[in-house]
Amino acid sequence: MEEILWINPDYDAKNDKSTLTNHDILKANQRLQRFAPYIETVFPETASSKGIIESPLVEINKMKESLEQNYHLNIPGTLLLKCDHALPISGSIKARGGIYEVLKHAEELALNHGLLKTTDSYIKFASSEFRQFFSSYKIAVGSTGNLGLSIGIMSAQLGFQVTVHMSLDAKQWKKELLRSKGVHVIEYPSDYSKAVEEGRKQAEADPTCYFIDDENSQDLFLGYAVIASRLKKQLQNLNIPVDKEHPLFIYLPCGVGGGPGGITFGLKKEFGEHVHCFFAEPTHSPCFLIGQMTGLQDKVSVFDFGLDNRTDADGLAVGRPSRFVGKTIGHMLSGCYTVQDQKLYTLLRELADQENIFLEPSALAGFLGPIQLILQSEGKKFLVNQHLHKNMEKATHIVWATGGSMVPNHVMEEYYRRGASNHVMSNDSISNRN
């Protein structure tokens, strides 16, 4: 239960062992483009992006200075925040993979039943005819929270009957929000694995039910991977190159591994050896780290090491990692590190104070990444061994903000208080949060 940095001894920057390809990512991107007119129609908040679900990439210089002062170090290069907490529709990174898989399933059903051609305008998905058609079908998923939100909101909008099996760690407000959208929520007094197991059973017993499997889904994975080409354009717009002299470091909060794994896959396809991805996990739930460190993937659990899998970072409260993701991107991952819960709250408060950006606790895990890389001996060795140490002043660090914009104000106020017992934040500040 101590904070550590683990550098992957099997990291192989130049050898791509995966069976998925750039063409698979391209097809996923094209599907999202086809659905864009529909998304813009039913979710007006996406009008500015013409139905593309995307988030800003912003510099956070004040936060960088604060981290440097608090940890007594210099973070060389530029520190950016990828604002997936601000993604439209469901306000988290899961809006990428989760919504994509629901849309793909809906498209396949419509195509197979002769209701659609890929050359049609997909605005027809907003019609009463399509909603009536989808009402005969079901979608199920197991979730600690954010994946359930994304799949529940999108499925209900299309007209599906949707059930979200939620673990003990899921926040009450997320359950209530889903129910307000007409989603059937089943709660379990156990962890994520049990919720997934029950969701899978339901789907197997019902031929009209489609189960979205966070542990094994290639579709979820590819929905996340689409970000790579978009991020490349965002970096270009900021005049930030990525090459041998300008390395890119990515810090991704990790639960079962699907979201950060898909993003890592896409980024390695786009930037190759010049991007370095690190996964962040709670000290009580480092399932992906354990899976990679032992090489056993999903054959080992945090419980096998005496850990309790109890963390306030609900999206990261997973005891057993995805074997599919571990095998697919294990050689692409530079390393993993762990972070204590209280530090998440401290960082939450600091980001709110410095940048007026409010994230949920799990989304703060990425901020410890550059600190660990610079301070820990293992991090220093990694930079030297990968011939990165001489170019760090030209480096770019991206912390991935995975959720937060949908957190109710009263909940965010409590998060802030836990991060700073001596600070009092006004209701106006919370109400006006980014």
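The axis of a helix is here a line fitted to its C-alpha atoms over the stretch in contact, and the angle between two such axes is taken between their N-to-C directions. On this basis two helix pairs were examined in the structure, which is a predicted model. In one of these pairs, helix α3 (residues 94–112) and helix α5 (residues 146–158) have axes that come within 8 Å and cross at roughly 35°. The crossing is right-handed, and the residues that take part in the contact divide into 9 nonpolar, 4 polar and 1 charged. On the α3 side the contact is made by K94, A95, G98, I99, V102, L103 and A106, which meet N146, L147, S150, I151, M154, S155 and L158 in α5.

In the other pair, the axes of helix α9 (residues 227–237) and helix α10 (residues 258–271) come within 8 Å of each other and cross at roughly 60°. Since angles from 65 to 115 degrees count as roughly perpendicular and angles under 35 degrees as roughly parallel, α9 and α10 are therefore oblique to each other. This crossing, too, is right-handed, and by class its contact comprises 7 nonpolar, 2 polar and 2 charged residues. The residues concerned are I227, A228, S229, L231, K232 and L235 in α9, and I263, G266, L267, E270 and F271 in α10.

The empty space enclosed by the protein was considered next. Rolling a probe the size of a water molecule over the atoms shows where empty space is left. The model holds 3 cavities of 30 Å³ or more, and the largest of them has a volume of about 220 Å³. Its lining consists of 22 residues, among which I93, K94, G255, G315 and L316 are the closest to the centre of the cavity. Two or more lining residues are given by each of β4 (138–143), α5 and α10, and α10 gives the most, with 3 residues. By class, the lining of the largest cavity has 8 nonpolar, 12 polar and 2 charged residues.

The second largest cavity, with a volume of about 120 Å³, is lined by 15 residues, and L32, I53, A95, R96 and R230 lie nearest its centre. At least two residues of this lining are supplied by each of α1 (22–42), α3 and α9, and the largest share, 5 residues, comes from α3. The lining of the second largest cavity divides into 11 nonpolar, 2 polar and 2 charged residues. Helix α3 thus appears both in the crossing with α5 and in the lining of the second largest cavity, while α10 appears both in the crossing with α9 and in the lining of the largest cavity.

Methods: Residues numbered from 1 in each chain as written. Predicted model: local features only at pLDDT ≥ 70, side-chain atom pairs only at ≥ 80, totals over all residues. Heavy atoms only, no water. Axes fitted to C-alpha atoms, helices over the stretch in contact; angles between N-to-C directions. Helix = DSSP H or I, 4+ residues; strand = E, 2+ residues; numbered from the N terminus. Parallel < 35°, antiparallel > 145°, perpendicular 65-115°, else oblique. Left-handed = near helix turned anticlockwise from the far one by under 90°. Contact = heavy atoms within 4.5 Å. Nonpolar A, V, L, I, M, F, W, Y, C, P; charged D, E, K, R; others polar. 1 Å grid on protein atoms, 1.4 Å probe; cavity = no way out; pocket = protein on both sides within 12 Å on 5 of 7 lines; lining within 4 Å. Points joined across faces, edges and corners; volume = space filled by probe spheres on them.
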